[in-house]
Amino acid sequence: MRVLIEMGCRKHLQDGEILIRQGERTNYFCIVLQGQVDAFYENDKISRKIFAFNKGQYFGELPLILEIPSPTTMQAVGETLLFLLDRQGFQHPITTYPALAEEFTQALAQRQEELGECQQKLREMGILDSEDLKNPVSWLRQRLKSFFAT
């Protein structure tokens, strides 16, 4: 734990402050220490909250592992305190504790299911024209295997 704490840093966000916008690249895995961060899916027609991350929850593993831009805009709700780990700091616990890799995979699968439901509702409303986000679970498993190989 001490190694992780030394590798990471804290980030304070004010109410409404944007941590990252959808489509931007991020280099951090985030753990919510205090407050809340909402994830918004946005396109030309709408901005819709699809996830809320509260104290003890985490996000940012998908863009780090798959080396893709953020699939959502992340915005603070109230005074929020995050713990950030960069790519190297994130890779360390995954390679040291392989059970964490499976936990990340399960969390991603749950988020993908919720995102799919949201996309379906938006398609039914005629707001979403195409599937912008594909099922990344298999990509995640493959990417995690590459972490173990290094």
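User: Let's start with a cysteine. Is Cys-9 buried, exposed or partly exposed?

Analyst: Cys-9 is partly exposed, at a relative accessible area of 36%. Bear in mind that this is a predicted model.

User: How many disulfides does a search of the whole structure find?

Analyst: For a disulfide, you look for two cysteine sulfurs within 2.5 Å of each other. Searching the whole structure turns up zero disulfides. The cysteine sulfur closest to that of Cys-9 belongs to Cys-30, and at 8.9 Å it is too far for a bond. Cys-30 is in no disulfide either, and with a relative accessible area of 3% it is buried.

User: On to charges. Which side chains meet in a salt bridge?

Analyst: Here the thing to check is whether a Lys or Arg side-chain nitrogen comes within 4 Å of an Asp or Glu carboxyl oxygen. The whole structure has one salt bridge, and it joins Asp-38 to Lys-49 at 3.8 Å, N to O. The two residues are 11 apart in the chain, with Asp-38 in strand β3 (residues 28–42) and Lys-49 in strand β4 (residues 47–54). Their surroundings are worth a look too: Asp-38 is buried at 7% relative accessible area, while Lys-49 is partly exposed at 44%.

User: What about the nonpolar core? Which residues have the most contacts inside the largest one?

Analyst: To read a core, you follow buried nonpolar residues that are joined through their side chains. The largest one here has 15 residues, and those with the most contacts inside it are Val-32, Val-37, Phe-53, Phe-59, Met-74 and Leu-82. Strands β3, β4 and β6 each put in at least two residues, with β3 giving the largest share, five. Another core, of 13 residues, lies apart from it and includes Leu-64, Leu-66, Phe-83 and Ala-101.

User: Now a helix. Which residues of α3 are buried?

Analyst: With a helix, you list the buried residues and then sight down the axis. In α3 (residues 87–96), the buried ones are Gly-89, Phe-90, Pro-93 and Ile-94. They fall within an arc of 135°, so they line one face of the helix. At the N-terminal end of α3, Asp-86 acts as a cap, with a side-chain oxygen 3.2 Å from the backbone nitrogen of Gln-88.

User: One loop residue to finish. Where is Thr-72 found?

Analyst: Thr-72 sits in the loop between α2 (61–66) and β6 (73–86). A loop residue can still be checked for burial, and Thr-72 is buried, at 8% relative accessible area. Leaving aside residues up to four places away in sequence, Thr-72 touches Ile-20, Arg-21, Gln-22, Ala-39, Phe-40, Tyr-41 and Ile-50.

Key. Residues numbered from 1 in each chain as written. Predicted model: local features only at pLDDT ≥ 70, side-chain atom pairs only at ≥ 80, totals over all residues. Heavy atoms only, no water. Helix = DSSP H or I, 4+ residues; strand = E, 2+ residues; numbered from the N terminus. Buried < 20%, exposed > 50% of the residue type's maximum accessible area, 1.4 Å probe, protein only. Contact = heavy atoms within 4.5 Å. Arc of directions from axis to C-beta. Polar contact = N/O pair within 3.5 Å; in protein donor to acceptor, adjacent residues only side chain to side chain. Core = buried A, V, L, I, M, F, W, Y, C linked by side-chain atoms within 4.5 Å.
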